[in-house]
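Please work through the following exercises with the sequence and the structure at hand. Each task is followed by a solution in steps.

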Amino acid sequence: MATVVLLGTLDTKGTEYGYLKDQILQHSDCDVLVVDAGVLGEPLTTPDITRDEVAAAAGARIEDLVAANDRGAAVMTMAEGAAAIVTRLFAEGNLHGVLGLGGTGGTSLVTHAMQALPVGVPRLMVSTVASGDTRPYVGALDITMMYSVVDIAGINQVSGRILANAAAAIAGMASAYARPLPDSEHKPLIGATMFGVTTPSVTHAREVLEANGYEVLVFHATGAGGQSMEALADGGFLAGVLDITTTELVDDLVGGIFSAGPNRLEIAGEKGLPQVVSLGALDMANFGPMDTVPAQFRDRNLYVHNATTTLMRTTPEECAELGRRIGQKLSAATGPVALFIPRGGVSAIATEGGAFHDAEADAALIDTLLANVGDNVEIHDLEQDINDPAFAEAMATRLMEMVADQQGEASKA
């Protein structure tokens, strides 16, 4: 039988959580555990795991949180405790799905806990903010959000229907998750990063890898894409990483719209995964439509990629800083790492005659990078551009060798 965990603040949303519990229990193959992460008032529905237990899981006491009268700090503490609770329940086999509901505070608390669970675990958040920017709540994981339409304040004709739908959805997902998937061939998984201007390279490399028994997960390097790949690496899903397109580092540097944060390009190295890394699309930062490009960049080399995306060519100074950052990140890797340098151009529009061809900027990137990599980094300095089939095949081949070597060493241990 599947177990759905209802997680939320029962001092303010207890009536609604009681309704959700009743709705889920109408599904004969689902049980329910109710976890209370409220602080200020008494729960309006009896929980299976109390707020005292949630606070204790974060190393705190409810009495102290109430006495401090700091709602923000209390929510953060209970979010940490809730994350510890759901992680434990999952490890014990007592969690096959999580459902929460709330406004901004409740959504932040519940989704923080949801993010502690592995990819694939059903997670559904009914929220008043689900129709806006959900990235802070979803992060890089498969959290499903449902807009509540009306505020979560009692059961009425609208909220009752929406919450009943949510209950049915999580019951179905949890029941499916509790059943093993049909037997299938489990191939080693490779994570690869791609952008429109590196698509030929990634496509050819993927075909080479798949022809040799690997399954390739391709991530669009739009910030969330890089974060998702690294979340899978962190979760132990990947056998290796083909990080062809490291463009998200540019947006982190200059303030573009596709940043994956300052820690991009670090997780695979920390985990000791074999990684082949290249310089795909480091010639560009990404902004929205032309009229959204920040004023200080309006006189730069800009290229309208499509109606919603404007590209900006990186300068030699920016490229030098990118080279320094990449060199330091790769040098810190604990596993095998190979750097492939495409002298012929780092994107489809950076080759000779292209809109972003800039020999000075490319030299600044490559020279600074080579000056900052450690002895642990294997260098492949090639004359082709990044989309040349020979360049792509060389990357795929080297990654397969690195993965095979690491798996061979692991089998001997």
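The exercises below concern a predicted model and treat its strands, a bent helix and its salt bridges.

**Exercise 1. Determine which residues of strand 1 are buried on each of its two faces.**

Step 1. Locate strand 1, which comprises residues 2–8. The cut-off for a buried residue is a relative accessible area under 20%, and 7 of the 7 residues of the strand are buried.

Step 2. Separate the two faces. In a regular strand the side chains alternate between the two faces of the sheet. One side carries Ala 2, Val 4, Leu 6 and Gly 8, while Thr 3, Val 5 and Leu 7 lie on the other.

Step 3. Conclude that both faces of strand 1 are covered.

**Exercise 2. Identify the strands that pair with strand 1, and state the sense of the pairing.**

Step 1. Consider strand 2, residues 30–36. Strand 1 pairs with strand 2 in the parallel sense, over 7 bridges. Within this pairing, Gly 8 has Asp 36 as its bridge partner.

Step 2. Trace the connection. From strand 1 the chain passes through helix 1 (residues 10–25) to reach strand 2, a β-α-β crossover that is right-handed.

Step 3. Consider strand 3, residues 97–102. Strand 1 and strand 3 also run parallel and are joined by 3 bridges. Here Val 4 is partnered by Gly 97.

**Exercise 3. Establish how far apart the ends of helix 1 are, and where helix 1 bends.**

Step 1. Compare the spans. A straight helix of 16 residues would reach 22 Å at 1.5 Å a residue, but the end C-alpha atoms of helix 1 are only 18 Å apart.

Step 2. Find the bend. Helix 1 bends by about 40° at Glu 16.

Step 3. Examine the surroundings. Glu 16 is itself buried, as are other residues of helix 1, including Leu 10, Tyr 17, Leu 20 and Ile 24. The buried residues of this helix pack against strand 1, strand 2 and strand 3, and also against helix 5 (104–114) and helix 7 (157–178).

**Exercise 4. State how many salt bridges the structure holds, and describe two of them.**

Step 1. Give the total: there are 18 salt bridges in the structure.

Step 2. Take Glu 318 and Arg 300, whose side chains meet with an N to O distance of 2.8 Å. This pair links distant parts of the chain, for Glu 318 belongs to helix 12 (residues 316–331) and Arg 300 to the loop between strand 10 (284–287) and strand 11 (302–306), 18 residues away. Glu 318 has a relative accessible area of 14% and is therefore buried.

Step 3. Take Arg 325 and Glu 321, which also form a salt bridge at 2.8 Å, N to O. Because these two residues are 4 apart in helix 12, about one helical turn separates them. Arg 325 counts as partly exposed, at 27% relative accessibility.

**Exercise 5. Describe how strand 13 (337–342) and strand 14 (residues 377–382) are related.**

Step 1. Establish the pairing: the two strands are parallel, with 6 bridges between strand 13 and strand 14. Leu 339 stands opposite Ile 379 of strand 14.

Step 2. Add the helix. Together with helix 13, strand 13 and strand 14 make a right-handed β-α-β unit.

Step 3. Add the salt bridge between Asp 381 and Arg 343, with the closest N and O atoms 2.8 Å apart. Asp 381 is in strand 14, whereas Arg 343 is in the loop between strand 13 and helix 13 (359–372). Asp 381 is partly exposed at 34% relative accessible area, and Arg 343 is partly exposed at 35%.

Definitions and conventions:
Residues are numbered from 1 along each chain as its sequence is written. This is a predicted model: local features need pLDDT of at least 70, side-chain atom pairs count only at pLDDT 80 or more; totals for chains, interfaces and linings use all residues. Side-chain values use heavy atoms; hydrogens and water are left out. Buried means under 20% relative accessible area, exposed over 50%, partly exposed in between (1.4 Å probe, protein chains only). Two strands pair if DSSP finds at least two bridges between them. A crossover is right-handed if, with the strands pointing away from the viewer, the path from the first strand over the helix to the second runs clockwise. The expected span of a helix is 1.5 Å times one less than its number of residues. The bend at a residue is the angle between axes fitted to the seven residues ending there and the seven starting there. Contact means heavy atoms within 4.5 Å. A salt bridge is a side-chain nitrogen of Lys or Arg within 4 Å of a carboxyl oxygen of Asp or Glu.
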